[in-house]
Amino acid sequence: MTETQYLAPHSLDEAVSALLAANGTGRILAGGTDLLVQMQAGIVKPGLIVNIKKIPEMTSIEETPDGGFRIGAAVAGAVVGEHERLGKAWPGVVEAINLIGSTQVQGRASAGGNLCNASPAADSVPALVAAGAVATIHGPNGRRTVPVEEVPAGPGRTNLAPGEILVSFTLPPRPPHSSDAYLRMIPRTEMDIAVVGCGVSLTLENGKCTAARVGLGAVAPTVLLVKDAADALIGSKLEDDALEAAAEACRAACRPIDDKRGTIAYRTKVAGVLLKRAAAIAADRAGRA
Amino acid sequence: MAKMHVSTTINGEPTEFLCDATDTLLDALRGPLGLTGSKEGCATGDCGACSVTVDGRLTCSCLMLAAEAEGREIGTIEGLSQGGKLHPLQQKFLEMAALQCGICTPGFLVASKALLDRNLEPTETEVRYWLAGNLCRCTGYDKIVHAVLETAAEMRGASR
Ligand SMILES: Cc1cc2nc3c(=O)[nH]c(=O)nc-3n(C[C@H](O)[C@H](O)[C@H](O)COP(=O)(O)OP(=O)(O)OC[C@H]3O[C@@H](n4cnc5c(N)ncnc54)[C@H](O)[C@@H]3O)c2cc1C
Ligand code: FES
Ligand code: FES
């Protein structure tokens with residue numbers, strides 16, 4: 001076996017060329033909290049490891065001129081959690097990213113790694129989907145942008161082409177009285193994998209919901225954008241029957257697996273429960289925003 | 001293949017070492033650097049026995065490549081006592097019997113110090129969440145959590 005090489009380039013173009021030259025054996029290293037575990041287990045044996053944390057654009061958080069945010073794909077969770085204005089505008093996105101692992105894991109784990117590892121149960125992804133986050137991708141043919149929900153292709157697989165790197169997430173500007181929330185169901189209080197995860201983002205005008213998005217995790221091969229659930233909320237004042245209709249849309253969208261963490265029936269039921277709870281938290285926050 | 005050369009700072013001392021691309025920081029600490037205070041409990045980020053700080057941020061050294069230490073400031077358990085004097089956390093762990101076999105202890109101490117460095121008034125809940133990534137097989141968590149809370153109270157008193 002040839003030995004593994006390590007590179008820490010300072011520019012995206014250098015990183016892309018190195019990945020292309022490695023002919024499919026290259027792996028991107030962000031926080032390494034998935035990659036190193038997989039290497040220790042012998043599941044992946046990269047020919048080249050490209051540490052992207054020397055690329056400034058990937059490790060910074062910025063407010064965009066229109067009032068949105070750009071979060072570098074490799075920013076560690078703990079750093080995201082310390083950004084006060086981001087936490088005010090997008091508390092659901094921040095709480096989802098901060099749910100990843102322990103304090104130690106937060107010191108390294110990134111939202112970019114969470115998305116590109118492509119676990120259906122990745123905690124930050126339903127919240128980013130609900131937020132309408134857009135992924136900026138840099139590759140051999142320049143840049144492209146896609147909605148976050150289009151990045152994962154299935155468990156452990158993404159739609160990134162060879163040599164492509166996820167650079168950052170862009171969150172749109174926030175109208176007044178908008179907020180979001182993320183909830184996951186785990187059997188313990190900390191350090192576990194979501195049985196179901198649900199992100200809700202919404203805008204209220206005089207108590208009426210004028211915009212909403214719902215992201216659902218761990219109930220299908222990829223995280224789902226549940227448009228029918230959002231449609232059930234929009235136009236309502238989040239009365240019980242509107243919430244029940246949105247919960248029903250979430251249950252209908254579920255295509256979960258049956259495993260030791262939860263049966264199909266359980267995951268499906270919990271998806272509806274979490275939708276109602278997350279929508280209530282998001283609405284409460286929006287009322288105060 | 002040639003080894004990689006890494007220049008870093010460990011517990012305030014400029015340090016250089018050689019490593020392979022796939023060596024973890026924990027491998028380098030316990031191997032060429034001879035700093036065996038950091039323990040390997042799992043090598044998968046679950047137990048916290050390998051906890052170190054990197055530029056002040058708490059991290060599992062088993063989930064970081066040694067090569068990534070280039071140009072960074074690493075803090076390990078060996079840096080806690082100063083001039084032969086135990087850190088107040090170390091003293092309190094002894095007094096309150098917050099350890100038994102001791103394999104988890106360096107990780108708990110490094111993690112607890114990282115907490116007290118940023119918050120000298122943590123609640124019990126905050127201590128428990130902060131330390132959720134540190135596992136102990138023998139002592140149980142109550143003694144450890146109480147030792148951290150006691151130390152914080154003492155350090156607040158001393159700084160008044
Ligand atoms: C103890 C422990 C607890 C955990 N708990 C949780 C949890 O509660 N919830 C949860 O969702 N996850 C959890 N995880 C999994 C992991 O921490 C997260 O998925 C994390 O977000 C991964 O980010 P990273 O930066 O460490 O990724 P890395 O390990 O660096 O990368 C992950 C994958 O994505 C690729 N990649 C990384 N960045 C990019 C990029 N910018 N462009 C293209 N590809 C890229 C890498 O090549 C690799 O294949 C846990 C892990 C551990 C060890
Ligand atoms: S050895 Fe690093 S977390 Fe267990
Ligand atoms: S004292 Fe033995 S594992 Fe904690």
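A polar contact here is a pair of N or O atoms within 3.5 Å; within protein, one atom must be able to donate a hydrogen and the other to accept it, and residues adjacent in sequence count only if both atoms are side-chain atoms. The model is predicted: local features need pLDDT of at least 70, side-chain atom pairs count only at pLDDT 80 or more, and totals for chains, interfaces and linings use all residues. Residues are numbered from 1 along each chain as its sequence is written, and side-chain values use heavy atoms, without hydrogens and water.

**View 1. Polar contacts of ligand 1 with A:Thr33, A:Gly101 and A:Arg184**. The side chain of A:Arg184 places an N or O atom 3.0 Å from a ligand oxygen. For the side chain of A:Thr33, the distance to a ligand oxygen is 2.6 Å. A:Gly101 uses a backbone N or O atom, 3.2 Å from a ligand nitrogen. Protein covers 91% of the 980 Å² of accessible area that ligand 1 has on its own (Shrake-Rupley method, 1.4 Å probe).

**View 2. The shell around ligand 1**. In total, 34 residues surround the ligand (a heavy atom within 4 Å). Among the closest are A:Ile28, A:Asp34 and A:Ser110. Chains A and B both contribute residues, so the site is shared between chains. The shell divides into 18 nonpolar, ten polar and six charged residues.

**View 3. Domain 1 and domain 2 of chain B**. An automatic or database assignment sets the bounds at 4-79 and 88-159. The C-alpha centres lie 22 Å apart. Contact (heavy atoms within 4.5 Å) takes 14 residues from domain 1 and 13 residues from domain 2.

Key: Chains are lettered from A and ligands numbered from 1 in the order in which they are written. Ala, Val, Leu, Ile, Met, Phe, Trp, Tyr, Cys and Pro count as nonpolar, Asp, Glu, Lys and Arg as charged, and the others, Gly among them, as polar.
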